[in-house]
Amino acid sequence: MTNIYIQRATANNVLEVALANATDTELVEINRELALGLSFDELKTVQTYFKNENRNPSDVELQTISQTWSEHCCHKTFRGKILFDGKEINSLFKTYISKVTKEINAPWCFSVFEDNAGIVKFDKGYGIAAKVETHNHPSAVEPFGGAATGVGGVIRDILGVWANPIACTDVLGFGPLDFDYNKIPAGIKHPKYVYRGVTAGISAYGNNMGIPTVNGAIYFDESYTGNVTVFCGCIGLLPLNKYIKNAKAGDYIVMAGGKTGRDGIHGVTFASAELTEKSEEISRPAVQIANPIEEEKLKRAIIIIRDRQLASATTDLGGGGLSSGVGETAERYGCGVTVELSKVPLKHQGLAPWEIYISESQERQLFAVPPENLAAALAVFEQEEVQATAIGRLTQERRLKLTYQNVTVADLDMTFLFNTGTTTKTATFTPSTFSEPEFAEPEDLTQILLQLLAAPNIASKESVVRTYDHEVKGNTILKPFQGKYAGPNDAAVLKPLDDSWKGLTVSCGMNPNYGKIDPYWMAASAIDEAIRNNLAVGGRRIALLDNFAWGNPEKTERLGSLVRACQACYDITKTYRTPFISGKDSLYNESPMGPVTPTLLITAVGVVPDIRSTVSMELKTPENLLYILGNTYPEMGGSEYYNLKGYLGASIPKLQPTKARKNYYNLTKAIDYGLVKSCHDLSEGGLAIAAAEMSLAGNIGMTLDLKAVPNNKTITRNDAILFSESNSRFLIEISPKDRYDFEALMKNGCTLIGEVTDTKKLQIHGLNSKLLIDTDLSNLRATWKRTLNAEA
Amino acid sequence: MKTEDIKVCVLRVGGTNCDYETARAFKELGTQAEIKHINELAKHGDLLNYNILVLPGGFSFGDYVRSGVIFARSLNAKLGKQMKQFIDENRPILGICNGFQILVEYGLLPGFDGTDPYSQATLTTNNPQGFKCNWVYLKNENKGNCLFTNKIPQNKILKIPIAHGEGRFLFPVEKEKQYLEKLVDNDMLVFRYCDENGTPANGAYPINPNGAYHDIAGICNKEGTIFGLMPHPERAMYWWQEPDWTSKTHTTPYGDGKLLFENIITNVNKTQ
């Protein structure tokens, strides 16, 4: 190893790396020793660059290149070429995701896929910014810190587009809480420990910052045992005329917020590799330490600076630290940059310059400030008790120049640094060969319903959600729980502006179990579910965010399933006319226990013209009529019902978007006419669970008749009608007096299947007219609330 | 004093996070409400320009030590003199959630003997433990001393949400009976957690959400001018903030939280 480093004459803790004339074996050695995470081809490219410059690189330069070229920062898989099915796909992102947005070309999309968060127009000159991030690997190693900094990071993304964060969302995937301790491999933490740590971390950060956590979900799946899945989302509000991004050469680079330490070194390279038994030991320093109050102060300062228009650009310092923030800022505005690293305030002495430059210490933000505003900007930080320092300037010369105590430690050509090259990967896809299970219909379907209500994926998450402050800021109109008895809502509704009744609807969709059968229909279902949830409360003009959590894309099968999911993203959203505005991929989610199930989280952000017409899910009035929207098919593959019976199955729910879109349009009209008294989307557990939830939330009973449920004569069994998870369906409550108006409006897309009763019972009649399900609401409620509340 | 002349100071430090909606509640009722950072006030301002001081909710300075203690110390250090005069002139002070914790740490509540050098009560870790965000019922047990509730009928039940991890009101165990008597005798007891019919929780969770002694949710000082409570009235200001508005046929424009803000404004209206 002695021959890798060359001590330079200047004693500033920077080492020269003997790369220019290294042999191929030595290159690999250098890659490993410096933990660069570069591919062999990339190493050769770097070597050629320095050969041409006639010198060896410094460790600072190599770390900068490693960070800039990491999967996490430049998304090689999504932007690279893929050979699939005999064809070459030139960028999954351009071919399937951003293409939809371009084709739909919605006038209300303000800024998509170009900044830290997507921005759509809202009302009265304001826009809504939205972003969802993953923080899986850090949360696997250190659940509390990993999740907390995940929240902190996505909030900074929102601050990075000059928006004031107004809500957080969190979708989590854990292994089963009752997982056998003896079967946990070394280096992996038990799901219960991870569950407690992650939920506590989310609660600690959001609550402390005073941002309500309004929407989310928790899923349990064995494949998340070794690799927890943590999606953290944030929504912000900004006056669009204050969205200023016009930095230029001569502007100061100012960093503000927390100090820089050794926490979060190599976070991005860590995120772009599989978890191993040694991850804990090796990668602990990659997990940052959270201090939400620092970010709260930073947020105040940022909003003041925005309102006074003192800065010309801002971006958060997250993955990749200064290296990412400084480099990308210079690149975005066509500049070069000089930075004096010794000016960076440190938590403790002894950091090498390369560590300062790539550290991912939390609660830091970068600004470009025109010289004439520097004093005023620094004064704002001082008043808010936030440390801020001018560390460099943007330059005309397109070079990245870093100095430490006035000695040059890096001097790279910007074009080289950001010419990240394209990779070509190969993808294959073989359809799964699962078969449909054969079993007799259970005798006691009431018992099955109760077991499903208690199933972890369906059971009440109240014990977790109540530890999140979902009311701070006082603008949460539709809260996570509805009705006197706290039923689960479909979407959160916010009233962001004091002088407007316009509301913001936030919902999500995710179907990890379907991913095991078919990634295409899994993705289609996630999109449909997120949209359904949004529509159910009255949302429309829906923008989507896509977040992929996938296994290692170097493995052709994994990549093939990713391609299939992306194809669904295009096909479905094109028909629904719902553009993607932001997204993020988290790949390499593998541990010694295998990959995570292909997971796509869709977050949907819509608007409701007047929050007073918002619809909730709890039943309202006895004698009202209950309609089902959409057809039920025998689609139980990957369903909670099969899961309960110990099967996976093959009959995954499919989707007919053209038909569904017409129904959705009519439903929104019915809501606007005030005809819909309550509405709930049918998802996990199907019709029976949706009915149970609506009843238990309002403590009002209902009767349903399965004979009336439209199924195109495809179903002959009660359990299939009750528990099928076919997409595009809703259960809707209508007042009898509105019956004819409603039916005319829905153009027969809706079918009357039952009514609200003044009993405290859920009663469902089967295909042979016998009473199949008959149970007290108190029993349903207790069963639904028991499972996870006991875990608290 | 006319309502539009009333100036309310909503004081914040790093980590305060309910200042906006608290100021909004006061503005909604026609007063002037300003959100001020303690540094702004210490440098340029004067607390005595204001008629009402509000310490809003949040996690001041992160609440990494006892909740509210650093804000209390810093308030005393930076604005101690002005605070003393403000209190001596019987100008009202409201502390919500973290604000209540600050008033207790400052020694202003219960403040049996004026400002206590050491607080005689504490707001400690919830029992059962953990942060909790939920709606609760409060019973107004004050007999008319508290300037924030004296227009609200005695025994009226209010529905207001809580959101805290450290809201368990306790006296020193050996003195709790004696202090409770003092609290009641001086008409300093204001809100107790109860069920929707007004029956006190008697410590039973979740009606009493944090294990507070005697179900105490809010108290005032002897003069009735300083009032602290754990629940958040600013989150129960409008009908659309209520958790069950979607199930109600007739909704009033406001929620129960408005009563407190209105009450203090009416009392300040009567002063010069």
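**Legends: a bent helix in chain B and an overview of chain A**

**View 1. Helix α3(B) bends by about 90° at Leu79(B).** This is a predicted model, so please read each view as a prediction. The bent helix covers residues 69-88 of chain B, 20 residues in total. Its end C-alpha atoms are only 22 Å apart, whereas a straight helix would reach 28 Å at 1.5 Å a residue.

**View 2. The buried residues of α3(B) have partners elsewhere in chain B.** Which residues of α3(B) are buried? They are Ile70(B), Phe71(B), Ala72(B), Leu75(B), Phe86(B) and Ile87(B). To follow them outward, look for α2 (38-43), β3 (52-55) and α4 (98-106) of chain B, against which these buried residues pack.

**View 3. Asn90(B) follows helix α3(B).** Here we come to what lies after the helix. The phi of Asn90(B) is positive, near 60°.

**View 4. Chain A holds 27 helices and 35 strands.** The radius of gyration of chain A is 27 Å, close to the 28 Å that the globule rule gives for 792 residues, so chain A is as compact as a globular protein of that length. Its C-alpha trace spans about 90 × 55 × 45 Å along the principal axes.

**View 5. In the interior of chain A, 61% of the 792 residues count as buried.** How do its contacts spread along the sequence? Taking contacts between residues at least 6 apart in sequence, 82% join residues at least 24 apart.

Key:
Residues are numbered from 1 along each chain as its sequence is written. Chains are lettered from A and ligands numbered from 1 in the order in which they are written. This is a predicted model: local features need pLDDT of at least 70, side-chain atom pairs count only at pLDDT 80 or more; totals for chains, interfaces and linings use all residues. Helices (H or I, at least four residues) and strands (E, at least two) are DSSP runs, numbered from the N terminus. The radius of gyration is taken over C-alpha atoms; the globule rule is 2.2 Å times the number of residues to the power 0.38. A residue is buried if 20 or more other C-beta atoms lie within 10 Å of its own, exposed if 12 or fewer, and partly exposed in between; C-beta atoms are placed from the backbone. Two residues are in contact if their C-beta atoms, placed from the backbone, lie within 7 Å. The expected span of a helix is 1.5 Å times one less than its number of residues. The bend at a residue is the angle between axes fitted to the seven residues ending there and the seven starting there.
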